[in-house]
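I opened the notebook today to go through a model part by part and to write down what I looked up. The entries follow the order in which I checked things.

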Amino acid sequence: MAVDLGKMADLLIAGKVEDVSNMTQEAIDEGMNPKEILENGLIAGMDVVGQRFKACEMFIPEVLRSAKAMSSGMDKLRPLLSESDSRAAGSFVIGTVKGDLHDIGKNLVAMMFEGAGFKVVNLGIDLDTQVFVDAVKEHKPDLLGMSALLTTTMPRMGEVINALKEAGIRDQVKIMVGGAPVTEDFAQEIGADIYGANAASSVDKGREAVGK
Amino acid sequence: MESIMPDMQPMNQTVQETPQFRVLTEDQIEQIYFAALDVLERVGSRVHEDEALELFRNSNEAVVSDDKRVRVPASLVERALKSYPRKITLQGRNGKRSVALQKDHVYFGTGSDLPFTYDRKTGERRRTTYKDVTDAARIVDALPNFDFFMSHGIVSDVPNPQTYDRHQFMAMLEGCTKPMVVTSVDGEGLEDLWKMACLFQGGEEEFRLSPMFVAYIEPISPLTNDRSAVEKLLFAAEKGIPAMYTPCPSSGATAPATIAGMLVQSLAETLLAAVMCYLKKPGMPLIMGGVTTVMDMRTTTYSYGAPEMSLASAANTDISKWLNLLMFSTGGCSDSKWLDEQAAIESTLSLLTAFLSGANLVHDVGYIDSGVNASLESLVMNDEIIGMVRQVGKGIRTDEEGLALKVINEAGPGGEFVTRDHTYEHWRDWFLPRFMDRSDWETWNSEGCKTMSDRVNEETQRILDTYEPQPIDDATRKGLKEIIDAAEKRHSQ
Ligand code: B1M
């Protein structure tokens with residue numbers, strides 16, 4: 001009997017990590033097309049998760065559990081997919097600026113991006129400007145994210161942008177900033193591309209900006 | 001006065017002065033406490049500060065691993081816990097010893113560092129300024145039910161982020177004479193604020209006897225202690241400055257999703273600080289804290305209005321009393337973006353719960369927008385709520401005067417009480433509303449159909465227009481300026 005991809009999507013929505021992983025393997029063993037498994041099983045499930053989150057029918061822990069189920073399936077599929085099909089939705093480097101120790105908001109943004117299929121590098125907190133510059137050079141991400149929760153550390157985000165300009169790599173990345181005291185106006189003032197108010201809307205904006 | 005009651009000396013009576021409220025039994029508190037000790041023995045807490053690591057190492061009891069994790073045996077924790085004072089009396093810059101922190105004595109005050117303010121003229125949200133902090137200070141000085149002041153807002157119009165705390169303290173002092181709780185950038189910042197306070201108090205020794213402020217310090221949940229926080233804590237220990245080390249865990253995000261689990265973790269964080277201060281200098285006035293709440297799983301907001309915050313905070317207060325520590329708690333705050341029905345509901349619930357729990361310093365009164373936006377009107381509204389809450393706390397007297405048999409007899413069936421002496425003497429015991437409207441519809445209508453927010457707004461404006469706090473004398477002002485200028489100079493290089 002052929003593996004039911006609709007059921008796989010349902011299991012993913014229900015956050016059944018192991019079941020999704022096993023079912024993906026079964027489908028592969030049956031010789032099903034990997035791209036079809038990805039699109040009609042995993043991605044179809046994640047799309048519903050996204051819709052239900054917006055409709056307040058699913059909540060953060062459930063969304064993150066579904067994302068984990070998604071990536072357990074992806075682990076099985078990746079070796080079989082063509083490079084273009086297995087490519088991440090984009091790559092994202094994120095960190096909290098110097099002098100700022102607020103951690104969890106930035107981590108949630110990172111997790112939600114990961115859940116949306118981005119390749120994410122989480123640099124940590126209290127980071128020197130140079131760490132951001134080096135990370136952009138090293139990882140060449142589509143998107144660089146900076147978080148600041150203090151009015152006193154917000155200006156550091158502008159400093160990073162200037163340093164990227166000086167290094168001649170500002171235009172290689174889109175830059176997103178966020179955190180409680182950050183505003184759309186401030187983001188524009190310092191020359192960032194995107195302002196993220198919360199994890200969920202940041203992912204939407206990030207996807208749009210990266211255009212994948 | 002002759003008793004008209006047949007027997008006023010019954011046996012085996014229990015009366016209570018006030019309502020009684022507790023969330024946890026002693027057995028439950030012990031379960032949480034032993035679990036926290038277990039966390040300190042097995043998991044430990046990370047400390048990013050060298051002097052503190054050295055203190056732990058030299059104790060020959062705590063174990064410090066290469067990754068800066070400190071694990072502490074129960075015996076050391078229990079010795080440390082015995083060293084903390086059960087009473088601290090705070091005084092204002094006017095010399096009034098108005099806040100006597102001791103078991104079950106409850107005081108209310110603002111929160112600190114709100115980055116945004118609604119401009120009262122334009123209604124627009126903008127960054128908070130020095131003047132906003134001074135205005136909040138004046139409001140709190142004028143309002144009868146506020147006992148202490150935290151900055152409410154953060155001064156953003158200052159030369160250097162590294163020295164903002166000195167200017168902020170100055171703005172607070174300009175407007176308010178009541179005792180304070182202060183936030184600072186680092187150890188050096190705290191030292192400057194303490195020097196500024198000592199100018200009012202006539203020196204270090206006087207400060208120690210009856211301090212003008214408590215230092216607000218926080219670990220990073222889960223189980224992490226950053227350099228600047230530890231620096232401040234050690235400085236406070238050295239100088240005998242009262243300090244709270246208040247975990248701010250969000251259940252489900254930076255702490256377990258069960259309230260008991262969150263309490264275990266934050267108690268472990270508190271106990272580590274208790275040991276650290278003890279090793280530095282036994283007996284410093286350490287105050288237990290905790291803004292224990294949940295992260296909203298739809299929005300990711302750190303909630304200041306959740307009922308879980310009230311419940312967890314009250315439980316934390318039960319624990320603090322069992323440990324013989326004073327307690328810094330939370331109430332009168334809201335997630336609402338605007339001073340509206342939601343703000344009133346959330347503020348009331350948390351104020352009542354915190355009051356009944358007997359927490360000593362209840363802070364964050366007046367916060368809206370989850371600790372991001374400042375509202376002076378919210379301070380005024382909460383003043384009324386605190387009045388109501390305190391009234392509930394008065395309890396009911398059941399002595400002869402309270403039972404009022406005499407006056408019931410006088411009035412008799414079909415009589416009235418308005419003209420009786422008993423009424424004349426006792427109606428003043430009641431809460432007297434200032435902003436709650438109890439008028440009839442005609443009066444309300446003819447006086448302009450004012451809503452609660454209209455009345456609160458008018459009072460806010462009235463205070464801002466008319467209230468002048470006791471001024472700071474010139475000599476002290478000069479001393480304050482010198483300290484601030486010196487800090488600016490050090491940091492401009
Ligand atoms: C790259 O693109 C993006 C896109 C979106 C991005 C993004 C990046 N980054 C964030 N987002 C957005 O998406 C996230 C997920 O939806 C969201 O992230 P958030 O982080 O906002 O959301 C989290 C999931 C939940 N929110 C939070 O966890 C923050 C809550 C509040 C109460 C808060 C907390 C908990 C803490 N704090 Co602090 N803290 C406050 C906060 C008030 C508030 N409501 O913001 C704020 C930010 N803190 C403040 C202060 C003053 C401080 N804090 C401090 C410390 C701490 C704790 C360590 C105790 C703790 C953090 C623990 C941790 N593990 O992160 C101190 C500073 C330490 C330092 N050097 O960083 C200290 C200075 C206090 C002191 N004097 O010691 C205030 C800021 C004032 C200012 N200067 O602007 C503050 C507004 C509260 C207040 N009114 O006092 C969005 O902002």
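The entries below begin with the domains, go on to the contact between the chains, and end with the metal and the backbone.

**Entry 1: what kind of model**

I note at the outset that this is a predicted model, and that local features were taken only where pLDDT is at least 70.

**Entry 2: the domains of chain B**

I looked up how chain B is divided and found domain 1 at 26-81, domain 2 at 88-260 + 276-393, and domain 3 at 400-429. For the pair I wanted to follow, domain 1 of chain B contributes 22 residues to the contact and domain 2 of chain B contributes 17 residues. The centres of these two domains, taken over C-alpha atoms, are separated by 26 Å.

I then asked how much area is buried between domain 1 of chain B and domain 2 of chain B. The value I found is about 1800 Å², with carbon and sulfur atoms giving 75% of it.

**Entry 3: polar links between domains 1 and 2 of chain B**

I counted one salt bridge between domain 1 of chain B and domain 2 of chain B. The partners I wrote down are Glu51(B) and Lys280(B), whose closest N and O atoms are 2.6 Å apart. Counting polar contacts between domain 1 of chain B and domain 2 of chain B, I get eight residue pairs, with both residues at pLDDT 80 or more.

Next I looked at which elements make up the side of domain 1 of chain B that touches domain 2 of chain B, and at least two residues each come from helix H1 (26-42), strand S1 (45-47), helix H2 (50-58) and helix H3 (74-81) of chain B. H1(B) supplies the largest share of that side, with six residues. Sorted by class, the residues on this side of domain 1 of chain B are twelve nonpolar, four polar and six charged.

**Entry 4: the domains of chain A**

I turned to chain A, which is divided into domain 1 (5-86) and domain 2 (91-210). Their contact takes seven residues from domain 1 of chain A and six residues from domain 2 of chain A, and their C-alpha centres lie 28 Å apart. Between them, domain 1 of chain A and domain 2 of chain A bury about 500 Å², and 81% of this is on carbon and sulfur atoms.

I also found one salt bridge between domain 1 of chain A and domain 2 of chain A. I recorded Lys54(A) and Asp204(A) as a salt-bridged pair, with an N to O distance of 3.3 Å. The polar contact count between domain 1 of chain A and domain 2 of chain A is one residue pair, both residues being at pLDDT 80 or more.

On the side of domain 1 of chain A that touches domain 2 of chain A, helix H3 (34-54) and helix H4 (60-77) of chain A are the elements that give two or more residues. H4(A) gives the most, with four residues. By class, I listed six nonpolar, no polar and one charged residues on that side of domain 1 of chain A.

**Entry 5: where chain B meets chain A**

I looked next at the interface of the chains, where the contact takes 16 residues from chain B and 15 residues from chain A. The area buried between chain B and chain A is about 1400 Å², of which 77% comes from carbon and sulfur atoms. Which three residues supply more than any other three of the area that chain B buries against chain A? They are Arg127(B), Met297(B) and Arg298(B), which together supply 39% of that area.

I found zero salt bridges across the interface of chain B and chain A, while the polar contacts there come to two residue pairs, both residues at pLDDT 80 or more. The side of chain B that touches chain A has ten nonpolar, two polar and four charged residues.

**Entry 6: the cobalt atom**

I checked what binds the cobalt atom of the ligand, and its only protein donor is His102(A), through NE2 at 2.3 Å. I placed His102(A) in the loop between strand S1 (90-97) and helix H6 (104-115) of chain A.

**Entry 7: backbone exceptions in chain B**

As a reminder to myself, most residues other than glycine have a negative phi, and most peptide bonds are trans. Against that background I noted that Ser221(B) and Pro222(B) are joined by a cis peptide bond, with omega about 0°. Pro222(B) sits in the loop between strand S10 (213-217) and strand S11 (224-225) of chain B.

I also noted Asp104(B), which is not a glycine and yet has a positive phi of about 65°. The loop that holds Asp104(B) runs between strand S5 (99-101) and strand S6 (107-108) of chain B.

Definitions and conventions. Residues are numbered from 1 along each chain as its sequence is written. Chains are lettered from A and ligands numbered from 1 in the order in which they are written. This is a predicted model: local features need pLDDT of at least 70, side-chain atom pairs count only at pLDDT 80 or more; totals for chains, interfaces and linings use all residues. Side-chain values use heavy atoms; hydrogens and water are left out. Domain bounds come from an automatic or database domain assignment. Contact means heavy atoms within 4.5 Å. Buried area is the accessible area (1.4 Å probe) that two parts lose on being put together, summed over both. A salt bridge is a side-chain nitrogen of Lys or Arg within 4 Å of a carboxyl oxygen of Asp or Glu. A polar contact is a pair of N or O atoms within 3.5 Å; within protein, one must be able to donate a hydrogen and the other to accept it, and residues adjacent in sequence count only if both atoms are side-chain atoms. Ala, Val, Leu, Ile, Met, Phe, Trp, Tyr, Cys and Pro count as nonpolar, Asp, Glu, Lys and Arg as charged, and the others, Gly among them, as polar. Donors are N, O and S atoms within 2.8 Å of the metal (3.2 Å for Na, K and Ca); water is not among the atoms, so sites may look incomplete.
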